[in-house]
Amino acid sequence: MYSFAYHRPVSAAEAEALAAKAGEARFLAGGMTLLPAMKLRLAQPTDLIDLARLGDLRGIKVSGSEVRIGAMTLHAAVAASAEVKRAIPALAHCAGVIGDPQVRNRGTLGGSLANNDPAADYPAAVLGLNATVHTSRRTIPADSFFRGLFETALEPGELITAVSFPIPERAAYEKFRHPASRYAVVGVFVARTGGGVRVAVTGAGPCAFRATQLEQALAKNFSPDALKGIKISADGLNSDIHAAADYRAHLIGVMARRAVAAIA
Amino acid sequence: MPTVTMTVNGRAVSGEAEPRTLLVQFLRDTLGLTGTHIGCDTSQCGACVVHLDGLSVKSCSMLAVQAEGAAVTTIEGLSNGELQPMQAAFREHHGLQCGFCTPGMVMSAIDLVNQNPTPSEHDIREWLDGNICRCTGYHNIVKAIKAGAEAMAAGGKR
């Protein structure tokens with residue numbers, strides 16, 4: 001790891017000010033991606049701004065219609081939260097299948113979203129549940145947050161503070177997990193709400209996306225059978241040593257059917 | 001170089017550490033606590049698992065400065081003259097061969113039992129996602145953790 005300057009601000013405003021002054025700053029949340037990337041010298045920030053002392057970025061609040069989770073809340077805390085399990089069990093489940101227990105004890109919601117790994121789990125939940133990302137400057141709807149490979153709508157120095165998830169009628173997350181890395185080869189989050197059905201896919205493309213073809217079929221008939229025979233195009237999907245694009249396209253259908261079967 | 005202060009195995013310690021110093025390097029090189037191992041350096045193997053404020057974490061994937069003010073427990077901090085029940089269970093059930101992964105396995109297992117005092121075999125195997133053993137095939141490790149959990153429940157956790 002190359003050397004860098006380390007900062008430990010106590011407020012979001014101070015963190016933003018530090019980022020503005022630095023050459024190439026990175027915010028440090030749980031560090032479960034950033035620090036390994038720095039060890040491999042894939043990331044070489046001049047300044048690391050540790051968000052651990054921003055206490056108001058931690059915590060879970062469930063109100064009548066939404067679950068609001070602070071950006072620095074640990075995956076383990078979301079997975080174990082009785083309130084989240086009651087309001088949106090699929091969200092607690094999603095947090096509980098990220099990485100391994102030690103990753104869940106350090107990794108955070110905001111860190112996962114800001115990083116936007118193509119195979120991360122949380123983006124599927126955020127997009128599937130039509131969540132709102134709150135930042136130090138504005139609010140960003142899920143549909144315009146994920147822009148591409150490791151690319152989000154966040155501007156330089158902009159900090160995620162919380163995410164609010166509207167509570168759906170039913171939701172489920174099904175993940176085909178890579179056995180070594182624990183990342184999603186394909187993960188599908190299905191949510192049924194008063195406003196319709198949303199199906200979000202992670203692991204398959206450059207970033208999480210909605211499978212509108214499946215959403216339309218499920219809007220007419222919310223059952224696994226409604227998805228049978230729908231052919232998902234492999235165009236633009238990821239092909240790598242773990243899985244070819246057409247296999248990932250196939251898995252989207254399989255995971256979606258499993259998710260629907262769990263809640264139909 | 002900044003000075004880092006934390007509590008390690010119940011003892012207040014401080015030492016100089018560059019910001020890029022990993023917690024595992026600080027524990028091993030600065031404090032001489034070499035029971036915490038470095039196996040993979042890519043956050044996957046779990047040989048470096050320690051407890052940070054009571055939760056199991058990979059000490060190769062965090063900076064020493066991130067542990068400022070925290071309480072860290074390493075494998076050396078478990079025993080008070082006699083083996084902690086989980087350690088004793090690993091010995092009793094031969095939950096190791098070469099032993100390299102064992103410190104991480106034991107620290108991870110104790111975190112599991114603290115959260116779930118009566119884990120099933122399935123719970124244990126799921127929990128070991130972050131700990132890799134290349135000798136045993138996990139069979140005896142799982143047995144050891146089950147027995148260790150029972151011993152901890154009987155004798156009170158430490």
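This report describes the sheet of chain B, the helices that lie across it, and the interface that chain B forms with chain A, in a predicted model.

**The sheet of chain B**

Five strands of chain B form an open sheet with mixed pairing, and their order is 2-1-5-3-4. Strand 2 (11–16) and strand 4 of chain B occupy the edges, where each has a single partner strand, so one side of each is left without a neighbour in the sheet. On average, and with direction ignored, neighbouring strands of this sheet are turned by 40° against each other. Within the sheet, strand 1 (residues 3–8) of chain B pairs with strand 5 (residues 71–73) of chain B in the parallel sense, over two bridges; Val8(B) stands opposite Val72(B), which belongs to strand 5 of chain B.

**Helices across the sheet**

Two helices of chain B lie across strands of chain B, as set out below.

| Helix of chain B | Strands of chain B it lies across | Angle |
|---|---|---|
| Helix 1 (residues 23–30) | strand 1, strand 2, strand 3 and strand 5 | about 100° to strand 2 |
| Helix 3 | strand 3, strand 4 and strand 5 | about 40° to strand 3 |

Strand 3 and strand 5 of chain B are thus named both among the strands that helix 1 of chain B lies across and among those that helix 3 of chain B lies across.

**The interface with chain A**

The contact between the two chains involves 25 residues of chain B and 26 residues of chain A. The size of an interface is often given as the accessible area lost when the parts come together. Here chain B and chain A bury about 2,100 Å² between them, with 54% of it on carbon and sulfur atoms. Within chain B, the residues that lose the most area to chain A are Arg20(B), Gln66(B) and Asp129(B), which together account for 29% of what that side buries.

Asp129(B) also takes part in a salt bridge, its side chain meeting that of Arg182(A) at 3.7 Å, N to O. Across the interface of chain B and chain A there are four salt bridges, and twelve residue pairs are in polar contact between the two chains, both residues being at pLDDT 80 or more.

The elements that give two or more residues to the side of chain B that touches chain A are strand 3 (49–52), strand 4 (55–58) and helix 3 (102–115) of chain B. Strand 4 of chain B gives the most, with four residues; this strand is also one of those at the edges of the sheet. By residue class, the side of chain B that touches chain A divides into eleven nonpolar, seven polar and seven charged residues.

Conventions: Residues numbered from 1 in each chain as written. Chains lettered and ligands numbered in written order. Predicted model: local features only at pLDDT ≥ 70, side-chain atom pairs only at ≥ 80, totals over all residues. Heavy atoms only, no water. Contact = heavy atoms within 4.5 Å. Buried area = accessible area lost by both parts, 1.4 Å probe. Polar contact = N/O pair within 3.5 Å; in protein donor to acceptor, adjacent residues only side chain to side chain. Nonpolar A, V, L, I, M, F, W, Y, C, P; charged D, E, K, R; others polar. Pairing = 2+ DSSP bridges. Axes fitted to C-alpha atoms, helices over the stretch in contact; angles between N-to-C directions.
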